[in-house]
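Visitor: I am new to this structure, and I would like to know what the words used for it rest on. Could you show it to me first?

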Amino acid sequence: MSNYKEQIETTLIHGSLRGWSEQKTGAVNVPVYLSSTYHQEKFDAFGPFDYSRSGNPTRLALEKTIAELEGGTRGFAFASGMSAIASSFMLLSAGDHVVVSEDVYGGTYRFITELLNKYFIDYTFVDMTDLDAVARSILPNTRVIYMETPSNPCLNITDIEGVVKLAKSNDCLTFLDNTFMTPLYQQPLHLGVDIVLHSATKFLSGHSDIIAGLAVTNNEELAEKLAFIQNTFGSILGAQDSYLLIQGIKTLAARLKQSTLSAFQIANYLKDHPLIEEVYYPGLSYHRGHAIHRRQTSGDGAVLSFRLPNKEVAKTFVEKTKVPVFAVSLGAVETILSYPSTMSHAAMPNEEREKRGITDGLLRLSVGLEHACDLIRDIDLALEIAAKQVRVR
Ligand SMILES: *Cc1c(COP(=O)(O)O)cnc(C)c1O
């Protein structure tokens, strides 16, 4: 039993207290340290904390937890997913080039095309599902290959090990946005990825209550640089939100497994409905990349997208559903229905959207914890009304 490895479900519950050395009270929760500064006992020797931008005990417990969950050595908590992503890109310098998955999160697309470019960092967007295309897009000054799998909103699957191999043979780093899978289902560091990124706003926190981001690495040199950037740029996660995220993480396995079961049922219901033109869900056997996804993950996740004939039908459908909230974001206890064209991908120009399959009829569903029968009944009734509209026209 000496090389027995604890299951992740257990780490999710106990990880935060384990990194906690100052256990005096027996409290089962990490305390919220609302302190910006720390008294130094000695004139010439400082304690482990000095100022909360540089380090805060509650944030540290969270950072140690996410590092352990991802199989990394260091974790970093940021004010948002975007600040975790942007801070990681600060590892680059003017003159560098990045290769980016063409269907990245809309905010990441905006950051790269409208902010990073101001610092003379060049980019190429590429179909990351096509390894030959990835290979062709690597330039002598390419420093980072940026992945997101499954991608948003069409759930395209990237062969992580394939890209890592290309990156390593070209001396590039790999970053991966693991928001959709979480470490419960996908652990990219084990596949050779250098930095794993999260919008912890989504599944990790899980209750639509906070905005948070995380970065994890197992490379000490990168960790030192990220720690420097985190402290210097300063977009850190506050102590109260760190606490809420620790609490959210504890129930991740129970939540995500249940939502995944329901998502699978809903995807199967939708794929047989005559009004639905397409269903995107990595758990469907015919989904492009299904086999690769199953090889590199241990779950299909709770997000799916589907295509209705056009905008008018999509509008009717959204207006007639009663159970999901209609909103941006995903990964919460409540089911969230969203319209990528004007919500998550509004920052993307029209033609770029169309090229990526984000058409006027596309809707994304992040399945929550309501009973699957209630969700399917609600969707079924809305589709029935939407179908009448199609017939009338
Ligand atoms: C939401 C999201 C982000 C951005 O995270 P914020 O916490 O909103 O800043 C990045 N990547 C993915 C895949 C997301 O869903």
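What follows is a talk about the pocket, the ligand and the cavity.

Guide: Welcome! This is a predicted model, in which local features need pLDDT of at least 70 and side-chain atom pairs count only at pLDDT 80 or more, while totals for chains, interfaces and linings use all residues. Residues are numbered from 1 along each chain as its sequence is written, and side-chain values use heavy atoms, with hydrogens and water left out.

Visitor: What makes a space a pocket, and what is the volume of the largest pocket?

Guide: On a 1 Å grid over the protein atoms alone, a pocket is an open set of points with protein on both sides within 12 Å along at least five of seven lines. The largest pocket has about 460 Å³, a volume being the space filled by probe spheres set on grid points joined across faces, edges and corners.

Visitor: Which residues line the largest pocket?

Guide: Its lining, meaning residues with an atom within 4 Å of a point, holds 27 residues, with Met82, Tyr105, Ser199, Lys202 and Ser329 nearest the centre. Helix α4 (106–114) gives the most, four residues.

Visitor: Why is the ligand said to sit in a pocket?

Guide: A molecule sits in one if more than half of its atoms lie within 2 Å of the grid points. The space taken by the ligand is the largest pocket, so the ligand passes that test.

Visitor: How do you know which residues surround the ligand?

Guide: A residue counts as near if one of its heavy atoms lies within 4 Å of the molecule. That gives 13 residues, the closest being Met82, Asp177, Ser199, Thr201 and Lys202. Helix α3 (residues 81–89) provides the largest share, three residues.

Visitor: Why is the pair of Lys202 and the ligand called a polar contact?

Guide: A polar contact is a pair of N or O atoms within 3.5 Å. A polar side-chain atom of Lys202 lies 2.7 Å from an oxygen atom of the ligand, so the pair qualifies. For Ser199, a polar side-chain atom is 2.8 Å from a ligand oxygen, and for Met82 a polar backbone atom is 2.8 Å from one. The protein buries 93% of the 380 Å² that the ligand exposes when taken alone, by the Shrake-Rupley method with a 1.4 Å probe.

Visitor: What makes a space a cavity instead, and how many are counted?

Guide: In a cavity a 1.4 Å probe fits but cannot get out. The count is one cavity of 30 Å³ or more. The largest cavity has a volume of about 50 Å³, and its lining includes Phe203, Arg255 and Leu369.

Conventions
Polar contact = N/O pair within 3.5 Å; in protein donor to acceptor, adjacent residues only side chain to side chain. Helix = DSSP H or I, 4+ residues; strand = E, 2+ residues; numbered from the N terminus.
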